Amino acid sequence: MKVKRIQASETRALRHLVLWPHLTHEQDCTIDIDDRADAMHYGVVFEHEIVAIGSFFQMNTPKLEANFPYRLRAMAVHPAHRGRHVGQALIHQAIADLKQQNVDVLWCDARIGAVPFYGSLGFELHPEVYQIPLIGAHQFMWLSL
Ligand SMILES: CC(C)(COP(=O)(O)OP(=O)(O)OC[C@H]1O[C@@H](n2cnc3c(N)ncnc32)[C@H](O)[C@@H]1OP(=O)(O)O)[C@@H](O)C(=O)NCCC(=O)NCCS
């Protein structure tokens, strides 16, 4: 298992399979800022296949004060590879790299089902639960780096 930086285009298959199956085509599984200079896309490679993905973008949020915050989006592990610390390995590598760039906070809109995962990594949890259309319930979570 190896964590590495990947191209945005390499995230699309897992985004489609795991996160946005309601979209018709894999090619539609883009984020409007995927190609921005600050975007960092990570993948975990196992036996030549990308089995986990996560994308990180410089983004402020009114929900917290930070000098240089990053937002995590589209975090997904292939169903066959969950529960083996694959997701954790991806986040740990990304955090190490973000710290090198003096990023001070990492935040995300966490799907309810993923709240324990982020909690195990030290993220704090805002109590408000909100709905994102077509996806479901989320909670705001953040980690001071
Ligand atoms: C959430 C997700 C990314 C976790 O990935 P994973 O590789 O299975 O998680 P890991 O094995 O690295 O787990 C790390 C820790 O979190 C815990 N954890 C992970 N998912 C959990 C869950 N659903 N419930 C409780 N604990 C969980 C693990 O037990 C582990 O704890 P430990 O270090 O004490 O052993 C993965 O389940 C997934 O892709 N889910 C569907 C898509 C999704 O919801 N993405 C997040 C969008 S915000």
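**A predicted fold, read outward from Gly54**

Gly54 is buried, with 25 other C-beta atoms within 10 Å. This glycine lies in strand E3, and the model to which it belongs is a predicted one. A residue counts as buried if 20 or more other C-beta atoms lie within 10 Å of its own, so Gly54 meets the condition with its 25. Leaving aside neighbours within four places in sequence, Gly54 is in contact with Tyr42, Leu72, Ala74, Met75, Leu90, Ile91 and Ala94. One of these contacts deserves a closer look: Gly54 and Ala74 are 20 residues apart along the chain, and their C-alpha atoms are separated by 5.5 Å.

The wider architecture may now be considered. The protein has 3 helices and 7 strands. Read from the N terminus, these elements follow the order β-α-β-β-β-α-β-α-β-β. The radius of gyration is 14 Å, close to the 15 Å that the globule rule gives for 145 residues, so the protein is as compact as a globular protein of that length. Along the principal axes, the C-alpha trace spans about 40 × 35 × 30 Å. Of the 145 residues, 26% are buried. Among contacts with a separation of 6 or more, 64% join residues that are 24 or more positions apart.

Strand E4 is the place of Ala74, the residue already met as a contact of Gly54. Ala74 is likewise buried, with 22 other C-beta atoms within 10 Å. Its backbone merits attention, for Ala74 has a positive phi of about 55° although it is not a glycine. Most residues other than glycine have a negative phi.

Asn102 offers a second example of this backbone feature. It too is not a glycine, and its phi is positive, at about 65°. Asn102 is placed in the loop between H2 and E5, just after H2. Is Asn102 buried or exposed? Asn102 is exposed, with 9 other C-beta atoms within 10 Å; the limit for an exposed residue is 12 or fewer.

Helix H2 itself can be examined next. For its 15 residues, a rise of 1.5 Å a residue predicts a span of 21 Å, and the end C-alpha atoms are 22 Å apart, which agrees. The buried residues in H2 are Gly87, Leu90, Ile91, Ala94 and Leu98. Viewed down the axis of H2, these buried residues fall within an arc of 95°, so they line one face of the helix. The face turned away from that buried side carries the exposed residues Ala96, Lys99 and Gln100. Against what do the buried residues of H2 pack? Their partners are strands E1 (2–5), E2 (40–46) and E3 (49–58), together with E4, E5 and H3. The contacts of Gly54 illustrate the packing on E3, since they include Leu90, Ile91 and Ala94, and these three belong to the buried residues of H2.

Helix H1 can be read in the same manner. Arg12, Leu14 and Arg15 are its buried residues. They cover an arc of only 165° around the axis, which puts them on the same side of H1. The elements covering these buried residues include E3 and E4.

Phe46 provides another view of the strands. This residue is found in strand E2 and counts as partly exposed, with 16 C-beta neighbours inside 10 Å. Not counting residues up to four places away in sequence, Phe46 touches Met1, Val51 and His81. Phe46 and Ala74 are 28 residues apart along the chain, and their C-alpha atoms are separated by 19 Å.

The final subject is the ligand. Which residues come nearest to it? Of the 20 residues around the ligand, these are Arg82, Gly87, Gln88, Pro116 and Ser120. Helix H1 (12–19), strand E4 (69–77), helix H2 (86–100), strand E5 (105–111) and helix H3 (115–120) each give two or more residues to the shell. By class, the shell has 11 nonpolar, 6 polar and 3 charged residues. Gly87 links this part of the account to an earlier one: it is among the residues nearest the ligand, and it is also one of the buried residues of H2.

How values were computed. Residues numbered from 1 in each chain as written. Predicted model: local features only at pLDDT ≥ 70, side-chain atom pairs only at ≥ 80, totals over all residues. Near = placed C-beta within 6 Å. Helix = DSSP H or I, 4+ residues; strand = E, 2+ residues; numbered from the N terminus. Nonpolar A, V, L, I, M, F, W, Y, C, P; charged D, E, K, R; others polar. Rg over C-alpha atoms; globule rule 2.2 N^0.38 Å. Contact = placed C-beta atoms within 7 Å. Expected span 1.5 Å × (residues − 1). Arc of directions from axis to C-beta.
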